[in-house]
Amino acid sequence: MPVVVNGLNAANTPYNAYVLYLNSANSGFFGGGSLISDRHVLTAAQNIAGFVRWEVGLGSTVFGQLNIQISSQAVAHPSFNMANRANDIGFIVLPQPIVFTALISPIQLPIQGRNLPYENEEGMIVGFGFNTVGGKSCDGYKCISPIQNYLTITVSHTTPGQVRSDFLKVGYQRVISDSRCVGIYQITLPNHFCAEDSVMRSNVCNGDLGAGFVVSDRRIDTLVGVASLITASCDSTSPTGYTRVSQYRQWIRDNTGV
C-alpha cells in the first residue's frame, strides 16, 4: 500500500490512489491518497511539502495495471507542521479531469458539522504498501514507478526488509479514545484521531501515509481520516494516527470546490 500490514486482498476500491511523490532532485517516496473529485486527490501534507511532482495511480487493485497521471500542482495546508504533523492534510491537482467509471470514482466527504468518526467506530484502510517484514526492501532500495520502470529513490518512508504489495490490501481498524491517542502521539484534538485493529493486527505502514480511513455514514462510504502518524515498526500493533477530515471540511471546500 500505502502499507497495510496483515491486510487482506481488497475488492474494487475506486477512490483509492497510489501516490509517488518526488523532489527537485528526482528522489521520491510513495504513499496513498483518495480521489474526492474529477481533479483532486486528498492526501497528507507530508506527501506534498517540499516535493515538486506527483505520480497518481488510479483504477485497479493490481499495481501494474494502475492508470497514471503526472501532476506538478499540489497544495498543503498552510499551517502544516512537519515536526508534529499538525494540519497534515492537502490535495494534489490532476492535470486532466478524470472520467468516472466503475473502477474510478470519488469518495464522499463528511457532511459539514458532523465530527466523524466516533469512538469505537470501525473504518477501512487500503493501500499497496508493505505486507511483509522480511526479504528485500523495494528491490534493493529502488521503488517502482508505474511509468518509469524503476526509479532510484532515497528511501524515507520505507524500511529495510519490507516489500511492496502487487495487490491492493485492506485492513479494518476501530477508533480508540482520545486519551489513549494523545498518550501515543503529540497531537492537537480533535484535529487527529487514532485507530487500531486489535483482532487481525492490520496496520498502516510507511508507504501508506496519506491513505484514507473510510467509514459507512448513513450507508454511504465516507472519507473521515488521512493516515498521518505511525510508530517506527511497520508491523507494530500501536495505533495509527489520522488527520480528522471533518475539521478541514471548509478549507477543502474553499480550495477545491468540493
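**Chatting about Leu223, the cores and a disulfide**

Reader: Which residues does Leu223 touch, leaving aside those up to four places away in sequence?
Author: In this predicted model, Leu223 touches Ser34, Ile36, Leu42, Ile107, Gln108, Leu109, Pro110, Gly212, Phe213, Val214 and Val245.

Reader: And which residues have the most contacts inside the largest nonpolar core?
Author: Leu223 again, along with Leu42 and Ile252. That core has 28 residues.

Reader: OK, which strands and helices each supply at least two residues of it?
Author: Strands β3 (16-22), β9 (90-93), β10 (122-127) and β17 (220-229) do, and so does helix α3 (249-256).

Reader: Which one gives the most?
Author: That's β3, with 3 residues.

Reader: What lies apart from that core?
Author: Another core, of 15 residues. Leu35, Trp54, Leu58 and Ile92 are among them.

Reader: Switching topic: how many disulfides are there?
Author: The count is 1. Cys181 is joined to Cys194, with 2.0 Å from S to S.

Reader: Where do the two cysteines sit?
Author: Cys181 is in helix α2 (residues 178-184) and Cys194 is in strand β14 (residues 192-196). They are 13 residues apart, and the pair links distant parts of the chain.

Reader: Is the link right-handed or left-handed?
Author: The link of Cys181 and Cys194 is right-handed, with 65° about the S-S bond.

Reader: Is Cys181 buried or exposed? And what about Cys194?
Author: Cys181 counts as buried because its relative accessibility is 0%, and the cut-off for buried is under 20%. Cys194 has 1% relative accessibility, so Cys194 counts as buried too.

Technical notes:
Residues numbered from 1 in each chain as written. Predicted model: local features only at pLDDT ≥ 70, side-chain atom pairs only at ≥ 80, totals over all residues. Heavy atoms only, no water. Disulfide = S-S within 2.5 Å. Helix = DSSP H or I, 4+ residues; strand = E, 2+ residues; numbered from the N terminus. Buried < 20%, exposed > 50% of the residue type's maximum accessible area, 1.4 Å probe, protein only. Core = buried A, V, L, I, M, F, W, Y, C linked by side-chain atoms within 4.5 Å. Contact = heavy atoms within 4.5 Å.
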